[in-house]
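The exercises below ask you to read a protein structure step by step, with the sequence and the model open beside the page. Try each task before you turn to its solution.

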Amino acid sequence: MTGDPADDAAGAVPDGGTVAGETAGGSGGSALAGLRERDDFVVIGMAAALVAFPFLLIDVLGGVGDAVGLSVGGYSGLPSLVLIYGIVVIGFNLLLGYTGLLSFGHAAFFGSAAYAAGLFSQVVPSPILMVVVGTLVATLLAWPIGFVSIRRSGVYFAVLTLTFGQALYFWALGPGSWLTDGDDGFSGIEADGLFLGALPLDAEPIPMLDSYTVMYAFTAVVMLVGVWAANRIVNSPYGLILEALGENEERVEFVGLNVFRYKLMAFMISAVFAGVGGAMFVIHEQYIHPTTGLYWIQSGDFVIMTVLGGTGSLVGPVLGALVFEYVANVVSGVSLPVVGSIGSLWRFVLGAVFVFIVWVFPRGIYGAFADLARYATGGGGGSGGEEPAAADGGERE
Amino acid sequence: MAEDTSVLSRRDVLKTSGAAGAAGLAGLAGCTGGGGGDSEYSSLGNYPVEGDEVVFGFNVPQSGSYSQEGADELRGYNLAVDHLNNGGGWVDDWSDLSGDGVLGKTVASVDGDTATDPDQARQSAQRMINRDDAIMISGGSSTSVAIAVQELCQEERVQFQCCITHGNGTTASECVRYSTREMFNAYMTGAALAPVLEEEYGSDLNFYQLYADYSWGQSQQRSMNQFLTEGPGWTQVESVGTPLGTSDYSSYLSDVPRDEADVLILNHYGLDAANSLPQAIEAGLDQDMEIVVPLYNRLMAEAASDSIGDIFGTADWSWQLENGPTQTFVEAYREEHDRAPSYAARIAYTQTLQYAAAAERAETFYPPEVIRQLEGHEFDNAGLDAETMRECDHQAQRDVLVMRGLPPEEQTEDRLLEVLNQTSRDDAGYACDAGPAADCQLGDYGDE
């Protein structure tokens, strides 16, 4: 389980910025090897992609949809949702892709942060503080869960995390419903607006472009902070140890490092991202239900998004989140001329996409783009040349 | 890009009103919004409806455990759209409807999959509202989905017409102005069942309950306890929660005290009931006591068809009713689909027509005016005799059917249950300050 993603992980570190560059500037993914290793390039590239994203998803795809007579355009609200899941899976990938730990219980952090933020909003309806509180709760929860689960590895680790997640789910649905509203879902969420309520989240500051809401801008900024932080982590010596853990745990132990502590940290870091995502989710949706927040299928969705996008790259999983949410929320409503309504077949479509990607591009969508860019620019290199580059990137920090 | 302009004008007054930081934009949106269409009212939600089509969004479970129910809902919706545009069915009988679209506009529809997941349902509804400009959303086959979507519809100022939702919450503490429910609820089930059970089984009995441990199951067992204790004076031995989605009930069933309990109430729905009921029969509990399933649906009756003989429950409606509207609907449905409709199809059908009729009466799609037409509306043309869509909590006051399962040898494909009693709404209903309605605060119309 751990071998493959870890190999890829090593290769992908310096590529962090490529995808951003591509999405923003078309096919100009030239091998700017030096640039790609720099933090600010990654963040700037990502920022450019985030500026274009809603326009591409809603207006351009909507236009295409009108032209071909299929409703394939996105809708206002979808871009923020993709980014929110993107934040979660960037963190999840630090654990799965880099450290090589497959957690099946990350919904626990996502959901508990969402509930915590929702509950906190009834006291102080400030989105920023909601994110802080939600993240804090998720982090505090990750410590005991990680402390117990990390003692086992592989499938035992996965099952332990799954168990904790499911325990929370059933608690929220039944006994805890005095706090969570159980199956009715928690809906009394008050998120005023940013900066003491001055900027309502659903305002659309740019005339004519109603997909650019304040909520989207808020999510995009949080996303950028997340990308920057994750990039710092994977390019630091600390990140290098995490990668080493994914490759060969025993070696790391022989070097004299405390494996347990590093794994626990990786677990908690990924829980921080899940917590931020969970709190953002509740601000965005103004609603949270145990099935969405805490059920194991949500944890499984994180795994699918991450693998689909590419476990080996920093921002690859965001592409996975995009494809996943697009299929779930847009493709599911498409009616094809002959086949009829896709409706319930969306899971089948998603499964087909997943199998295709994993089969043809084992390194995920991101890996496919990266390969494509390399061929296009004739930048040879091949997969063999990547590993040292990664090591360099790390050491230079 | 022309489309963007129109989207902005339609949606933005609401979104930016009260937005101190975006006051300028609100002004702009207000100006452009006043320009088009029947601009008697300012734009709100997806009003005004532009072009010659009006879009309804049908948000039903197409995957997951209620997909069968969702498919029948969709058949009801599509029949309603067909009749609204081309006449037929109840449209010919309802004086408000013309059979030539609604307010001169052709009805178009979009559908989506709720997957019986509240968040999936909200995403799907959001897409219908934002991208497809749906003026009304209907659907759902569980209370959590109904509550999640109606909350969204209240925010977005788009009407939600509940389909299947039986939990009290929808028209109690979670009720909203922009949603109406014609289906009855757990509280009314208790009120309708208790007198029938007393007549059949006698008074001074002990009953034991199992309930699915989530909001519907909890409210259902609470109301059974209330009505069986108050009415026939029965005594509850115990009420035990079972996790939602349990497949093996044998440990819970073996705990039922056979010598003490006279009646076992299984507060389970859908797949849960399809599991628990046959297992209870298998364990021989029906030899020692009577079994009651408070809410029937077709899925469960079919899955447990060998076990439902003589078992009581309630249902929203049955195709076996002999009144005129029922027969008209069953006939129209049979023509298309060659079998009898389940109650899911009728609610879907009637909720769509109710909205259309209210818009016709209001002579506009302006949501607050449509809602005011729905509120307090009295009708007897929806297959259940006299009904009132009550203003105080948007819960229809209507009769409740008490059903009895048929023994396997008397069953046919469509006829698994028989109508035992149509409990009048005076007995099944409750006042605005009583029961679930006491917790209801509907929220605003959006034009105050």
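## Exercise 1: The interface between the two chains

**Task.** Find how many salt bridges there are between chain B and chain A, name the residues involved, and then describe the side of chain B that touches chain A.

**Solution.** Keep in mind throughout that this is a predicted model.

Step 1. The count between chain B and chain A is one salt bridge, and the side chains that meet in it are those of B:Arg122 and A:Glu285, with 3.5 Å from N to O. This pair passes the test because a salt bridge requires a side-chain nitrogen of Lys or Arg within 4 Å of a carboxyl oxygen of Asp or Glu.

Step 2. Next, look at which parts of chain B take part: the elements that give two or more residues to the side touching chain A are α1 (2–16), α2 (23–35), β2 (106–113), α4 (118–130), α5 (143–156) and α7 (215–230) of chain B. Sorted by character, the residues on this side of chain B are 13 nonpolar, 13 polar and 15 charged.

Step 3. Now take the interface as a whole, where 41 residues of chain B are in contact with 43 residues of chain A. Between them the two chains bury about 3600 Å², and 48% of this area lies on carbon and sulfur atoms.

## Exercise 2: The surroundings of A:Glu285

**Task.** Decide whether A:Glu285 is buried or exposed, and list what it touches beyond its neighbours within four places in sequence.

**Solution.** Step 1. Locate the residue: A:Glu285 lies in helix α14 of chain A, which covers residues 259–285.

Step 2. The relative accessible area of A:Glu285 is 2%, and the residue is therefore classed as buried, since the cut-off for this class is under 20%. For chain A in general, buried residues make up 57% of its 397 residues.

Step 3. Leaving aside neighbours within four places in sequence, A:Glu285 is in contact with A:Leu81, B:Asp119, B:Arg122 and B:Gln123. With the side chain of B:Gln123, the side chain of A:Glu285 makes a polar contact at 2.5 Å.

## Exercise 3: Two sheets in chain B

**Task.** Work out the strand order of the five-strand sheet and of the three-strand sheet in chain B, and say how the strands are paired in each.

**Solution.** Step 1. The five strands form an open sheet in the order β2-β1-β3-β4-β5, with parallel pairing. Its edge strands are β2 and β5 (179–180), each of which pairs on one side only. Two bridges join strand β4 (residues 159–162) to β5, and B:Phe160 stands opposite B:Ser179 in β5.

Step 2. The three strands form an open sheet in the order β11-β12-β13, and here the pairing is antiparallel. The edges are β11 (378–379) and β13 (396–397). Two bridges join β11 to strand β12 (residues 387–389), where the bridge partner of B:Phe379 is B:Glu387.

## Exercise 4: A residue and its distant partners

**Task.** Find which residues B:Leu299 touches, not counting residues up to four places away in sequence.

**Solution.** Step 1. B:Leu299 is found in helix α11 of chain B, residues 298–303, and with a relative accessible area of 15% B:Leu299 is buried.

Step 2. Its contacts, counted in this way, are B:Ser65, B:Gln68, B:Gly270 and B:Leu271.

Step 3. Compare sequence with space: B:Leu299 and B:Ser67 are 232 residues apart in sequence, while their C-alpha atoms are 9.9 Å apart.

How values were computed: Residues numbered from 1 in each chain as written. Chains lettered and ligands numbered in written order. Predicted model: local features only at pLDDT ≥ 70, side-chain atom pairs only at ≥ 80, totals over all residues. Heavy atoms only, no water. Contact = heavy atoms within 4.5 Å. Buried area = accessible area lost by both parts, 1.4 Å probe. Helix = DSSP H or I, 4+ residues; strand = E, 2+ residues; numbered from the N terminus. Nonpolar A, V, L, I, M, F, W, Y, C, P; charged D, E, K, R; others polar. Pairing = 2+ DSSP bridges. Buried < 20%, exposed > 50% of the residue type's maximum accessible area, 1.4 Å probe, protein only. Polar contact = N/O pair within 3.5 Å; in protein donor to acceptor, adjacent residues only side chain to side chain.
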